[in-house]
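Reader: I would like a close look at one part of this model. Please take me through the nonpolar core and what surrounds it.

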Amino acid sequence: MRRLEHLRIEHRDLDSAIGALAAAGGGDQMQIARLKKRKLRLRDEIAMLEDALVPDIIA
């Protein structure tokens, strides 16, 4: 649970950082691309952890 919360915070922080770099206009496009990739990896890891928390119910 603690790991999941940490990942969510990091994901939110990356979103803010990407927005700030994009708004500045002079942001390095390679840096923005790396941050976006990291954000996508975090999203996937968050989804995997959330899926592990919810048991599969066969109806």
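Author: What follows goes from the core to the helices, and then to two residues. The model is predicted.

Start with the core. The largest nonpolar core has 8 residues in all. They are L4, L7, L14, I18, I32, L35, L42 and I46. Two elements each give two or more residues to this core: helix 1 (2-24) and helix 2 (29-53).

Now the two helices. The axes of helix 1 and helix 2 come within 9 Å. They cross at roughly 155°. An angle over 145 degrees counts as roughly antiparallel, so helix 1 is roughly antiparallel to helix 2. The crossing of helix 1 past helix 2 is left-handed. The contact between helix 1 and helix 2 is not purely nonpolar: by class, it has 13 nonpolar, 2 polar and 10 charged residues.

Next, I46. This residue lies in helix 2. I46 has a relative accessible area of 10%. Buried means under 20%, so I46 is buried. Leaving out residues up to four places away in sequence, I46 touches L4, L7, R8 and H11. Take L7 from that list. I46 and L7 are 39 residues apart in sequence. In space, their C-alpha atoms are 6.6 Å apart.

Last, L42, which also belongs to the core. With residues up to four places away in sequence again left out, L42 touches L7, E10, H11 and L14. L7 and H11 are among the contacts of L42, and they are also among those of I46.

How values were computed:
Residues are numbered from 1 along each chain as its sequence is written. This is a predicted model: local features need pLDDT of at least 70, side-chain atom pairs count only at pLDDT 80 or more; totals for chains, interfaces and linings use all residues. Side-chain values use heavy atoms; hydrogens and water are left out. A nonpolar core is a set of buried Ala, Val, Leu, Ile, Met, Phe, Trp, Tyr and Cys residues joined through side-chain atoms within 4.5 Å. Buried means under 20% relative accessible area, exposed over 50%, partly exposed in between (1.4 Å probe, protein chains only). Helices (H or I, at least four residues) and strands (E, at least two) are DSSP runs, numbered from the N terminus. Contact means heavy atoms within 4.5 Å. Axes are lines fitted to C-alpha atoms, for helices over the stretch in contact, and angles run from 0 to 180 degrees between N-to-C directions. Angles under 35 degrees count as roughly parallel, over 145 as roughly antiparallel, 65 to 115 as roughly perpendicular and the rest as oblique. A crossing is left-handed if the near helix is turned anticlockwise from the far one by less than a right angle, and right-handed if clockwise. Ala, Val, Leu, Ile, Met, Phe, Trp, Tyr, Cys and Pro count as nonpolar, Asp, Glu, Lys and Arg as charged, and the others, Gly among them, as polar.
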